[in-house]
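I set out to look up strand pairing, buried segments, aromatic pairs and a surface patch, and I note here what I found for each.

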Amino acid sequence: MDLHAALEAELLTGVVRDAVEATGTTLNTLLGRGTGVRRALRQQVTAILAKGSRAERLSDRLLRQSAQCTPHLPCNIGDYTDFYAGIHHATHVGRLLRPDNPLMPNYHSLPVAYHGRASTICPSGAPLYRPHGQRKRASDAAPSFGPSRHLDFELELGIWIGVGNAIGAPVPISQAADHIAGYCLLNDWSARDIQGWEYQPLGPFLAKNMLTTVSPWIVMPEALAPFRAPAMARRASDVPIFPLLGRHKRSAGRRPRPYARDIYAHARHARPVASASPYCQQQHPLSFLDTGPNGRASHEQWLRVAARRPVRIGYDFWTRQRTGG
């Protein structure tokens, strides 16, 4: 549906009309208007598309065949943060880089993450160029230069932030949901052999800079409301978390009730695989936190993966389920 065509047909009203008028070729302005405008947009679009609405006769002007459209990045991305949110994934990757010490002790106490390079985020389907860099196996006496031999991608959940915050004004977990504009899937591409040599002591650099591909479609939080589920409970053996990550004052005697949503992500590839089916598919349930009013949770509840088996889809490409992004 073409929002600007709906605007020209005078089908949008109020704050939605004002937001679409201020929106150019990306959704930054629209999503930056906040939860109220986003929900009003969803309600008005639903009414426009309803059978028997006065907009039905304008469908030729409002609707486009998706197969005839070229998808682009939905927003201008100034920055992104990649969260190391799945403890099993963090342990598996840690074993690849540090066999004797896979999981750092701070992982249990704070949200571990790094800021990535936004200039190489592209929509799904963008070509991938195998990067060149310094590589060093554990058995090698010295590094060598050449194309990456251990290239992989991680299937992740992307969280789009709409309304920002002022510098020095932190966002409590109880208010985090008000800043989330939507979700998408993304592939985080990595050159693991280059990363293993260069990441110490300051973390990801060239090995993680070559490409991140994201879905051009943003799924609004309201579309996922039917999939709410109870949040995962912390175990008694878990390391205690700091109050700012998990405790909030009760309101009117009500106990904070965090909740999650159940999502299934699919990793597919049509390329034949040696000694395997020519079509690989794995289904992994994901659960991530979406706190309501006075919600509370730890970073370990943000994004979790219940099934994390590697999916072999070629001689050079493989994936381990990953959350965050």
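**Strand pairing.** I began with strands E7 and E8 (residues 212–214), which pair in the antiparallel sense over 3 bridges. Looking up the partners, I found that Leu 186 is bridged to Val 214 in E8. I kept in mind throughout that the model is predicted. E7 also pairs with strand E6 (residues 151–161), again in the antiparallel sense, over 11 bridges. There I noted that Ile 161 stands opposite Ile 180 in E7.

**Cover of E7.** I then asked how many of the 12 residues of E7 are buried. The count is 10, so I entered strand E7 (residues 180–191) as mostly covered, taking buried to mean under 20% relative accessible area.

**Helix H6.** In helix H6 (residues 87–97) I listed His 89, Ala 90, Thr 91, Val 93 and Gly 94 as buried. I recalled that an α-helix has 3.6 residues a turn, so residues three or four places apart point the same way. When I looked for what covers the buried residues of H6, I found that the cover includes E6 and helix H7 (192–198).

**Aromatic pairs.** My search of the whole structure gave 2 aromatic pairs. In one of them, the rings of Tyr 84 and Tyr 107 have centres 6.2 Å apart and planes at 80°, and I entered the pair as edge-to-face because that angle is over 60 degrees. Tyr 84 sits in the loop between E1 and H6, while Tyr 107 sits in the loop between H6 and strand E2 (113–115), so the pair ties together parts that are 23 residues apart in sequence. I also checked the exposure of each ring's residue: Tyr 84, at 22% relative accessibility, is partly exposed, whereas Tyr 107, at 3%, is buried.

The other pair I noted is that of Phe 153 and Trp 189, which is tilted, with 5.1 Å centre to centre and 45° between the planes. This pair links distant parts of the chain, since Phe 153 belongs to strand E6 and Trp 189 to strand E7, 36 residues apart. I found Phe 153 buried at a relative accessible area of 9%, and Trp 189 buried at 11%.

**Surface patch.** Last, I asked which residues form a nonpolar patch on the surface. They are Met 1, Leu 49 and Leu 63, and together they have about 260 Å² of accessible area. I placed Leu 63 in the loop between helix H5 (59–62) and strand E1 (81–83), and I recorded Leu 63 as partly exposed because its relative accessible area is 41%, which falls between the cut-offs of 20% and 50%.

How values were computed: Residues numbered from 1 in each chain as written. Predicted model: local features only at pLDDT ≥ 70, side-chain atom pairs only at ≥ 80, totals over all residues. Heavy atoms only, no water. Patch = residues over 30% accessible without salt bridge, like charges linked within 9 Å, V, L, I, M, F, W, Y side chains within 5 Å. Areas by Shrake-Rupley, 256 points an atom, 1.4 Å probe, with all protein chains shown as cover. Salt bridge = Lys/Arg side-chain N within 4 Å of Asp/Glu carboxyl O. Helix = DSSP H or I, 4+ residues; strand = E, 2+ residues; numbered from the N terminus. Buried < 20%, exposed > 50% of the residue type's maximum accessible area, 1.4 Å probe, protein only. Pairing = 2+ DSSP bridges. Contact = heavy atoms within 4.5 Å. Phe/Tyr/Trp six-rings, centres within 6.5 Å; stacked < 30°, edge-to-face > 60°.
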